[in-house]
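Before reading on, it helps to have the sequence and the coordinates open side by side. The text goes from the whole chain to single residues.

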Amino acid sequence: MTTPLEAAEPAAVQAAGPGEDRPARRGTLKYALSKVGGALFSIAAVIVGTFFVFRLLPGDPVRNLAQGRNMTPAQLDMERHRLGLDKPVLDQFLDFVGKTLRLDLGTSYEYKRPVLDLIGERIGPTLLLAGTGLVIAVSLGIWQGTRAGWRRGSRFDRFSTGLSLVLWSVPTFWLGLLLMMVLGVGIGPIPGILPFRGIESVDAPDGFAYVLDVASHMVLPCLTLVAVIYAQYLLVMRSSLLEEVSQDYVTVARAKGLRDDEVRRRHAVPNALLPTVTLVFMRIGFVVGGAVTVETIYTWPGLGQLFYRAVRVPDFTLMQGTFMLITVAVILMNTLADLLYHVLDPRVRSA
């Protein structure tokens, strides 16, 4: 038996001529241009803010880099001139903007190497850690959120939701230090069982044994990252599924005699996944940025560790380059999420 909505749908489609699609296409194009324009404006604001905010940090890069070396004031002035720090701030800013537009992020004060080369060397470990953590967090959050939402009020729902909220509220550095102390260093007679420094052992083996060695070093930082971020996926999936369960199509599917698992798997979960999918894209950049704390705790040789060392100097060019990369990644992923949501959800297109 066809419903009135199903019977009316073909007629509506046939009645719609080619001209009917033009307003929708113009609306979609206008929406996309507005989001892309907003992203470009945000990136421009980041470029301006990045330069001036880091100049407010205390410390003199030249004096900090000269510690332990007997340098005269004249030599310090020469080094400051070589780095361009003796120029007026406006000239430094215009030089920074010009180089950035040419994709030249300058040379690191401390490493005396191009910032892009340093980022290229460190981005691999960061993507490995953040990517693995994101995949585990999304999978765990969707699985627990689905079970908790489908069995609302059950012991599993109360336990998983409560635990995720507690872990989400815990400061990342505190949780990382706690896991390091318990599982890495050991407590009393209980020895540590996992490595907690770096990405590989000093005498790292070759071949598949090397992969296992890197994986063992990833356990603690990845566990810290997952514990902090998986709660948001669980809560979004749970709330989305609770909303879908109350919809009429779920009631109709159950009335047709479909099994409960089939109703959940084929009808409720696919529709509830939409907000979670967009959240994944929105949070990719934040996960990379959130890895800064984790990498600093476990001395993971990624962008986070690189940024931390740059702040200690302060190495302005290195700070600017790493910070802009992380921030631009957040902006681009947010824009992609907005565009994807517009494509996947017809309610947004009709709004």
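What follows is a walk through a predicted model, starting with overall figures and ending with local backbone features.

The protein chain holds 14 helices and two strands. Of its 351 residues, 36% are buried. The chain exposes about 20100 Å², and carbon and sulfur atoms supply 65% of that area. Among contacts with a separation of 6 or more, 74% are between residues 24 or more positions apart.

One helix departs from a straight line. Helix α9 covers residues 208-245, and a straight helix of 38 residues would span 56 Å at 1.5 Å a residue. In the model, the end C-alpha atoms of α9 are only 46 Å apart. Where does α9 bend? The bend, of about 40°, is at Val219. A proline, Pro221, follows within four residues of that position.

Helix α2, residues 21-54, is a useful place to look at side chains, and Thr50 is one of its residues. Is Thr50 buried or exposed? Its relative accessible area is 2%, under the 20% cut-off, so Thr50 counts as buried. A polar atom of the Thr50 side chain lies 2.6 Å from the backbone oxygen of Val46. Once neighbours within four places in sequence are set aside, Thr50 is in contact with Gln320, Phe323 and Met324.

The next topic is the aromatic rings. The chain has eight aromatic pairs. One of them joins Phe51 and Phe52: the ring centres are 5.0 Å apart and the planes stand at 85°, which is over the 60 degrees required, so the pair is edge-to-face. The two partners can be set side by side in terms of burial: Phe51 is buried, at 0% relative accessibility, whereas Phe52 is partly exposed, at 36%. A second pair, Phe54 with Phe307, has its centres 6.2 Å apart and 55° between the planes, and it counts as tilted. Phe54 belongs to helix α2 and Phe307 to helix α12 (residues 303-312), so this pair ties together parts that are 253 residues apart in sequence. Phe54 is buried, with a relative accessibility of 8%, and Phe307 is buried as well, at 17%. Ring pairs also link Phe51, Phe52, Phe93 and Phe96 into a cluster.

Beyond the aromatic pairs, other positions bring distant parts of the sequence together. Gly59 sits in the loop between α2 and α3 (61-65). Its relative accessibility is 48%, which lies between the cut-offs of 20% and 50%, so Gly59 is partly exposed. The C-alpha atoms of Gly59 and Arg312 are separated by 8.8 Å, although these positions lie 253 residues apart in chain numbering terms. Not counting residues up to four places away in sequence, Gly59 touches Asn64 and Pro314. Pro314 is in the loop between α12 and α13 (316-344), and the peptide bond that joins Val313 and Pro314 is cis, with omega about -5°.

Helix α13 contains Val328. Which residue is 9.6 Å from Val328, C-alpha to C-alpha? The residue is Leu40, and the two are 288 residues apart in sequence. Val328 is partly exposed, with a relative accessibility of 22%.

The last stop is backbone geometry in the loop between α5 (89-101) and α6 (115-150), where Leu103 is found. What is the sign of phi at Leu103, a residue other than glycine? Phi of Leu103 is positive, near 60°. Lys112 lies in the loop between α5 and α6 too, and its phi is also positive, near 55°. Leu103 has a relative accessibility of 66% and therefore counts as exposed. Lys112, at 53%, is over the 50% cut-off, so it is exposed as well.

Key
Residues numbered from 1 in each chain as written. Predicted model: local features only at pLDDT ≥ 70, side-chain atom pairs only at ≥ 80, totals over all residues. Heavy atoms only, no water. Expected span 1.5 Å × (residues − 1). Bend = angle between axes of the 7 residues up to and from the residue. Buried < 20%, exposed > 50% of the residue type's maximum accessible area, 1.4 Å probe, protein only. Contact = heavy atoms within 4.5 Å. Areas by Shrake-Rupley, 256 points an atom, 1.4 Å probe, with all protein chains shown as cover. Polar contact = N/O pair within 3.5 Å; in protein donor to acceptor, adjacent residues only side chain to side chain. Phe/Tyr/Trp six-rings, centres within 6.5 Å; stacked < 30°, edge-to-face > 60°.
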